[in-house]
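Me: I've got a model open and I'd like the reasoning behind the labels people put on it. Can you walk me through a few?

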Amino acid sequence: MEDGLCITAVGFLPFVFLFLIEFKLTHSRNKMNSTSTHFVPSRRMDIYEPIHQMTMWGDFKENNCEDLSPPMILEIEGKLDNQSEETSHGTVGPSSNDQEASRRPDKVQRRLAQNREAARKSRLRKKAYVQQLESSKLKLIQLEQELGRARQQGLCAGGGLDTSQLGYSETINPGITAFEMEYGHWVEEQNIQISDLRNALQSNVGDMELSILIERVLKHYADLFAMKATAARIDVFYLMSGMWKTSAERFFLWIGGFRPSELLKVLLPHLEPMSEQQHFEVCNLRQNCQQAEDAFSQGMEKLRYIVAEAVGAGRLGEGNYLPQITAAIEKLEALVRFVGQADHLRQETLQQISRILEPPQAARGLLALGEYLQRLRALSSLWSSRPCEPT
Amino acid sequence: MEQSISHRILFPTATAVANGSSTPPPATADPCGEAINTESIRKVVAENAVVVFARKGCCMCHVIKLLLHGHGVKPKIFDVDEQNEAAVTNELFKLIGEVGSGKASDPQLPAAFVGGKLIGGLDKVIGAHISGELVPKLKEARALWL
């Protein structure tokens, strides 16, 4: 605005222009250190202030201020082109050229314009620099968080964890970090239990011992579901995302965990030999799981619909939407219960398997299940260590 | 007492009605004027083979409904809204308290009744569904004929 005003004035009434500048200077005198020998660049008036001073004071013949000579102006312009707005409070030598300046207004105006341009460029450069600094700072924070989590997971989890999954930036909740650590321990214990089952089956131990091992495995799964319930209350979205699992496990994710009917399909051949009755019951179980899963999936669809409706309520586009998202968050409470119910389904399925089958069969089944999940984790591990294709 | 007699008539298959209510429970009317009292709730539970009490738009209720549909059963859905929720849960609590001994906790919604008896919330229904106990109960309540 002021630049435009200056430039318009320049072509016509240089002295009017000078009076205008004086007017502006009067109003911004608090910014200026008028008796100082340095020129103090204020944010708005900038470098050309002292030049105005010079011309003005040259006009009014005030000699108590140091003035800039034209060569000095050129030097300053040169400096502006190379650095940011924090110009040095350079020494200002006395000038004898102020008389010349008032006699050659065109040259002065050109210099003024050049100065303004340089100042504007400098401001833009500074802005870009600051923005770059801020985004780098954000990136640094993210990287530090990722590193911290990767360290923790690397310490606790067994194989199969790919750190490439940590590429998202979300604020880390200590409860979630605790859950991830606990889950890492859980996986380790799971691996131990699987090899115990394997050894027991290979050494043909009795049903009693197998039953004990089976109980242990079932209780271990129950512990996992309890952990998940706690984590769901902290951040259900996180749990639903499956980011605490490996990538291949995520591929099969259904409401925050495995799909019971899918696993039963995988396990079925390993439960043989089974009696006809058992075979019937297991198939029945799988069918019941399927039905329950379908009902759940449809329930989830309904929840999505409800949440979408809440988020999109009212007029979209006005830019004020706090009530809508608050209402939507309330609706999402149901998601916590959903995850809990899905885990309950998983638990019931596992219990039912152990009820239908004799200990050796159940032990084989749980061993097969355990190793299947181990294979998925190994897949994820191998996946993340594949060499990248050169572009 | 009058209440206990009507209770026995309504629930011929009810197990161990040990205590029975000695004092007739007061009829609670919600602000709308609809009387949610012991009578109306028990009537609903008794007259329908399968009843589900649920909040409107509840997704869990939707899941229960779909599960039952899968068995070929159409449950009666009793809509609970903000106004009558307190009264309804109160009545359900009393109902549950009479039938069972250990179910002293507040009834969670949604709540499913089969053959006049409380099955429970979604987790109980799922449990019964997976363990295979649900179908015999449905048959017993004459909700299923196959």
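Reply: Sure. A residue is called exposed when its relative accessible area is over 50%, and buried when that value is under 20%. Keep in mind that this is a predicted model.

Me: Why is Asn204(A) called exposed?

Reply: Its relative accessible area is 68%. The cut-off for exposed is over 50%, so Asn204(A), at 68%, earns the label. Asn204(A) sits in the loop between helix 7 (174-202) and helix 8 (207-234) of chain A, and has a positive phi of about 55° although it isn't a glycine.

Me: What makes Ile255(A) count as buried?

Reply: Ile255(A) has a relative accessibility of 9%. Buried means under 20%, so Ile255(A) qualifies. Ile255(A) also has a positive phi, near 45°, without being a glycine. You'll find Ile255(A) in the loop between helix 10 (247-251) and helix 11 of chain A.

Me: And why is Leu133(A) called partly exposed?

Reply: Partly exposed is the range between the 20% and 50% cut-offs. Leu133(A) has 46%, so that's where it falls. Leu133(A) belongs to helix 6 (residues 105-156) of chain A.

Me: What makes Leu133(A) eligible for a nonpolar surface patch with Tyr129(A) and Val130(A)?

Reply: Patch residues need over 30% relative accessible area, and Leu is on the list of nonpolar side chains. With 46%, Leu133(A) clears that accessibility bar. The patch made by Tyr129(A), Val130(A) and Leu133(A) covers about 280 Å².

Me: How do you know that strand 5 and strand 6 of chain B pair?

Reply: Pairing takes at least two bridges. Strand 5 (residues 111-114) and strand 6 (residues 117-120) of chain B have three, in the antiparallel sense, so they count as paired. Among the partners, Ala112(B) bridges to Gly120(B) in strand 6. The two strands form a hairpin with two residues between them, and Gly115(B) in the turn has a positive phi of about 60°.

Me: What makes the peptide bond from Glu272(A) to Pro273(A) cis?

Reply: Its omega is near 0°. Pro273(A) is in the loop between helix 11 (260-271) and helix 12 (276-311) of chain A.

Me: How many residues of chain A and chain B are in contact, and what area is buried between the chains?

Reply: 22 residues of chain A contact 21 residues of chain B. About 1700 Å² is buried between them, with carbon and sulfur atoms giving 67%. Lys302(A), Arg337(A) and Gln341(A) supply 28% of the area that chain A buries against chain B, more than any other three residues. The count of salt bridges between the two chains is zero.

Definitions and conventions:
Residues are numbered from 1 along each chain as its sequence is written. Chains are lettered from A and ligands numbered from 1 in the order in which they are written. This is a predicted model: local features need pLDDT of at least 70, side-chain atom pairs count only at pLDDT 80 or more; totals for chains, interfaces and linings use all residues. Side-chain values use heavy atoms; hydrogens and water are left out. Helices (H or I, at least four residues) and strands (E, at least two) are DSSP runs, numbered from the N terminus. Patches are made of residues with over 30% relative accessible area and no salt bridge: like charges are joined within 9 Å, nonpolar side chains (Val, Leu, Ile, Met, Phe, Trp, Tyr) within 5 Å. Accessible areas come from the Shrake-Rupley method with a 1.4 Å probe; for residues, only the protein chains shown count as cover. A salt bridge is a side-chain nitrogen of Lys or Arg within 4 Å of a carboxyl oxygen of Asp or Glu. Buried means under 20% relative accessible area, exposed over 50%, partly exposed in between (1.4 Å probe, protein chains only). Contact means heavy atoms within 4.5 Å. Buried area is the accessible area (1.4 Å probe) that two parts lose on being put together, summed over both.
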